[in-house]
Amino acid sequence: MANTIQLKRRVSGVAGAPAALKSGELAHNEVDNTVYVGKGDDGAGNATSIVPVAGSGGFLALVGTQTIAGAKTFSTVPKSSQDASRGTDLIRKSQVDSLLAAKAPLASPGFSGAPTAPTPVAGTNSTQIATTAFVNEAIAGFGAGDMAKSTYDTDNDGKVDAAEVADAAPWAGITGKPTSFTPSSHSHSIAQVTGLQTVLDAKAPLASPALSGTPTAPTAAAGTNTTQLATTAFVAAAIGALIDAAPGAMDTLNELAAALGDDPNFATTVTNALAGKLAAASNLSDLPNKTTARSNLGLGSMATQNANAVAITGGAINGITLDGGTF
């Protein structure tokens, strides 16, 4: 098994170098994919500066998108005859100037020749450029139109013919009117209303009704304690709240007693059993025989050495990981 040595690293958060490194110490920031090294020594082993030495954060990448800061000078620039012809070619200023000279400015352009533009939709009234086709179409639209008096006022009375129909609308032509009109007041006995007594006989009285069949009522809110009728749903909900989602094997008092081993002193029994256990807060300091415990776990003398002063004598170390931590 190979050994693993890990640099100090940052896997998320802020890009850039760590705040401090030891002289010669390496650190990798995965946010900007750059390896930094501590440079110089302040006399106490601390680096006096931290510089990038590898990764896309400090060097020009061959592929992908990257932002390059500062002014760059090329030792060999394209010659005057080497105009850019591909998307990856470097373009010269003279070539850009030549291209711009053939373009019209956005502000007050002076076109020549026969410039063209898209023809606006008929009726457009905006700052969009109008073509000759748009103007000719607009001129052709002038005329008497289709609102000739001889067409819409045939009797020459100054009213549109269609409007005159509303002056004398027949009753049959009015929509939305009621089929009958209720008198302002009236009174009838029960006997005068057909079938009313039969309907009343099928109703229950408000005082001491004797209901039959399967009568229903609104279910009262949980916890209601009044004279309101209780439905079967209300009763089932009250019992369910008492059980409070207990499993089926523990939703009765007998089942709860069985779960406690029918032990009336269950709390004392559990307390006595726990008294012989190690305390979690003691972190094994309450072991009766620590030497025997280490031997049982297969731990040698290294288990008793301080982390900052471990002595390794003889033997081989395989499959370990040296971790530089994070920053």
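This is a guided tour of the structure above, stop by stop.

The model is predicted, so local features are given only at pLDDT of at least 70 and side-chain atom pairs only at pLDDT 80 or more, while totals for chains, interfaces and linings use all residues. Residues are numbered from 1 along each chain as its sequence is written, and side-chain values use heavy atoms, with hydrogens and water left out.

**The open sheet**

Begin by selecting the four strands in the order S2-S3-S4-S5; they form an open sheet with mixed pairing. Helices (H or I, at least four residues) and strands (E, at least two) are DSSP runs numbered from the N terminus, and two strands pair if DSSP finds at least two bridges between them. The edges of the sheet are S2 and S5 (49-55), each of which pairs on one side only. Neighbouring strands are turned against each other by 25° on average, direction ignored; the axes are lines fitted to C-alpha atoms, for helices over the stretch in contact, and angles run from 0 to 180 degrees between N-to-C directions.

**Strand S3 and its neighbours**

Next, display S2 and S3 together: they pair in the parallel sense over 3 bridges. Here Lys 8 stands opposite Ala 27 in S3. Then add S4 (residues 34-39), which pairs with S3 in the antiparallel sense over 4 bridges. The bridge partner of Ala 27 in S4 is Tyr 36, and that of Asn 29 is Thr 34.

Show the side chains of S3. Which of them are buried? Those of Ala 27 and Asn 29, which point to one face, are buried, whereas Leu 26 and His 28 point to the other face and are not. Buried means under 20% relative accessible area, exposed means over 50%, and partly exposed lies in between (1.4 Å probe, protein chains only).

**The salt bridge**

Now select Lys 8 and Glu 25, whose side chains meet in a salt bridge at 3.4 Å, N to O. Lys 8 belongs to strand S2 (residues 8-10) and Glu 25 to the loop between S2 and S3 (26-29), so the pair ties together parts that are 17 residues apart in sequence. The structure holds 1 salt bridge, defined as a side-chain nitrogen of Lys or Arg within 4 Å of a carboxyl oxygen of Asp or Glu. Lys 8 counts as buried at 18% relative accessibility, and Glu 25 is partly exposed at 22%.

**Positive phi angles**

Move to the hairpin of S3 and S4, which has 4 residues between the strands. Asn 33, in the loop between S3 and S4, has a positive phi of about 55° although it is not a glycine. Asn 33 is partly exposed, at 41% relative accessibility.

Go next to Asn 283, in the loop between helix H8 (266-274) and helix H9 (290-297). Asn 283 is likewise not a glycine, yet has a positive phi of about 50°. This residue counts as exposed, at 63% relative accessibility.

A further stop is Asp 244, which follows H6 and has a positive phi near 55°.

**A nonpolar patch**

Finally, select Ile 91, Val 96, Leu 99 and Leu 100, which make a nonpolar surface patch of about 350 Å². Patches are made of residues with over 30% relative accessible area and no salt bridge: like charges are joined within 9 Å, and nonpolar side chains (Val, Leu, Ile, Met, Phe, Trp, Tyr) within 5 Å. Accessible areas come from the Shrake-Rupley method with a 1.4 Å probe; for residues, only the protein chains shown count as cover. Leu 99 is found in helix H1 (residues 93-101) and is partly exposed, with a relative accessible area of 48%.
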